Amino acid sequence: MTAPAGATANRVDHAGAASKFIAAPQHVEFHDRRLWEIRRKRDQECHAIPEWEELRRLASAIKEHTLTHLSGYLEQFERNATANGMVVHWARDAAEHNQVVHQILASRGITTLVKSKSMLTDECEMRPFLARQGIELVETDLGERIQQLDGEPPSHIVLPAVHKLRGDVAQVFGRTIGTDPQQTDVPYLAESQRQHTRPYYLKDRVAGMTGANFAIAETGSFVVCTNEGNADLSANVPRLHIASIGIEKLIPRIEHLGVFVRMLSRSALGSPITQITSHFRAPREGAELHVVLVDNGRSERLGMEDFWTSLKCIRCGACMNTCPVYRRSGGLSYGATYSGPIGVIVDPTFNLHKYSALPYASTMNGSCTSVCPVKINIHEQIFQWRK
């Protein structure tokens, strides 16, 4: 890839950005301890399952099969989803994704979008795009809402505000939604955010949006795994539900879903399963369900011999929780939607020059590879980027 003119100024300086995070010892200590605790819980859960390594091999094989037969499974998903009553759209890149979403909303006079957690929409920079079109997007995931109110992007795939202390959140909420900035009680903060966000669901011209953890070609359905219930509100209270789904989220059959559901929350949070695993197969009576299947560089990555297996990623964040560099530098220092080890190998596929420093944000210890539930050879791909 050739760097565009003037691209040097846009190159992410991970070390420089990390120095700002390191300058706050309390934050570094908490961040490191919190994520390592999750890694420890992950180990306990995984070691309690005798067939864990068999599940990893199976999950990796299912993903590899799907990615090497992706076009057929995408067509099967579209065919079955359409038969179920969904409307399926295709987006080649972020700009097309945003235009599709805007067209759906604008043609129905929608002025507010309540959205559950979706890294893909962050990747597409959808929120600022819709704001320019006069559509307010409200994040309903607690961590995402904290970050939105503070004017920051997410710092972790699963835990968007994990770099913040409860005192930081109290200050953000006090400044933006009028709570007591000295009140750092977690239930108080969570309930305050809930009470502030819930009225948005009941607005007249409102639509809901989710991402998807898995899309099943056999059934034309998709699955969203959450712990807060906000995705179900976003999908079921408004009469219009839009789901943005990266094309790599496909799996062939419903029977394969059990493999990934057993692994996802254990890898992400060290818990046996997510609180809520929601299946969406058809629109509710009198409602609309639209799916946007998004490429945005994934097809190009699929053709990269050394890096295509990164598309197996199920967005669990286990590699981030175990990474000594990520734990001590914070997710915002990576300057991208995807941080930590998975970001190190994915981000250069979007912009090689901008993210050329990231492959050096690693000790090459291989822990990321050892915890990956779908057996992505992360540290080897980091080494390939270095070369």
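Let us start with one residue: serine 362 is buried, with a relative accessible area of 17%. Why does 17% count as buried? The word is used here for anything under 20% relative accessible area, so serine 362, at 17%, qualifies. Keep in mind as you explore that this is a predicted model. You will find serine 362 in the loop between helix H16 (340-350) and helix H17 (367-371). Leaving out residues up to four places away in sequence, serine 362 touches Val325, Ile382 and Arg386.

Stay in that loop for a moment and look for methionine 364, which also lies between H16 and H17. Methionine 364 counts as partly exposed, with 25% relative accessibility. Its backbone deserves a look too: methionine 364 has a positive phi of about 60 degrees although it is not a glycine. Why point this out? Most residues other than glycine have a negative phi.

Glutamate 125 gives you another case, with a positive phi of about 50 degrees, and it is not a glycine either. This residue sits in the loop between H6 and H7. Is glutamate 125 buried or exposed? At 55% relative accessibility, glutamate 125 counts as exposed, because the cut-off for that word is over 50%.

Glutamate 125 also leads us to a pocket. The second largest pocket is lined by 27 residues, and those nearest its centre are Asp122, Glu125, Pro153, Ala336 and Thr337. Its volume is about 640 Å³. Which elements help to line it? Helix H6 (119-123), helix H7 (126-132), strand E3 (136-139) and H16 each supply at least two residues of the lining. Sorted by class, the lining of this pocket has eleven nonpolar, seven polar and nine charged residues.

Now let us move to the nonpolar interior. In soluble globular proteins, nonpolar side chains tend to be buried together. Here the largest nonpolar core has 54 residues, and those with the most contacts inside it are Phe214, Phe260, Ile342, Ile345, Ile376 and Ile378. Helix H12 (residues 254-269) gives the most to this core, with seven residues. Apart from this core lies another, of 22 residues, among them Phe222, Ile245, Ile247 and Leu289. To see the surroundings of one residue of the largest core, pick phenylalanine 260: neighbours within four places in sequence aside, phenylalanine 260 is in contact with Ala59, Ile62, Lys63, Phe214, Ile251, Ile314 and Val374.

Next come the strands. Strands of a sheet pair through backbone hydrogen bonds, either parallel or antiparallel. One open sheet has four strands in the order E8-E5-E6-E9, with mixed pairing. Its edge strands are strand E8 (250-251) and strand E9 (276-280), each of which pairs on one side only.

Follow strand E6 (residues 221-226) through this sheet. Strand E5 (residues 214-216) and E6 pair in the antiparallel sense over three bridges, and alanine 215 has phenylalanine 222 in E6 as its bridge partner. E5 and E6 form a hairpin with four residues between them, and in the turn glycine 220 has a positive phi of about 65 degrees. E6 and E9 also pair in the antiparallel sense, over five bridges. Across this pairing, valine 224 is matched with serine 278, while cysteine 225 has threonine 277 as its bridge partner.

In a regular strand the side chains alternate between the two faces of the sheet. You can see two sets in E6: Ser221, Val223 and Cys225 point one way, Phe222, Val224 and Thr226 the other way, and all are buried. Because six of the six residues of E6 are buried, this strand is largely enclosed by the rest of the structure.

Strand E10 (residues 288-294) is also largely enclosed, because six of its seven residues are buried. E10 runs parallel to strand E1 (residues 87-91), joined by five bridges, and alanine 91 is the bridge partner of valine 294. Strand E7 (residues 240-246) and E10 pair in the parallel sense too, over seven bridges. There, isoleucine 245 stands opposite leucine 293.

Finally, visit glutamate 191 in helix H10 (residues 186-201). This residue is partly exposed, with a relative accessible area of 31%. From C-alpha to C-alpha, glutamate 191 and cysteine 225 are 21 Å apart in space, and 34 residues apart in sequence.

How values were computed. Residues numbered from 1 in each chain as written. Predicted model: local features only at pLDDT ≥ 70, side-chain atom pairs only at ≥ 80, totals over all residues. Heavy atoms only, no water. Core = buried A, V, L, I, M, F, W, Y, C linked by side-chain atoms within 4.5 Å. Buried < 20%, exposed > 50% of the residue type's maximum accessible area, 1.4 Å probe, protein only. Contact = heavy atoms within 4.5 Å. Pairing = 2+ DSSP bridges. 1 Å grid on protein atoms, 1.4 Å probe; cavity = no way out; pocket = protein on both sides within 12 Å on 5 of 7 lines; lining within 4 Å. Points joined across faces, edges and corners; volume = space filled by probe spheres on them. Nonpolar A, V, L, I, M, F, W, Y, C, P; charged D, E, K, R; others polar.
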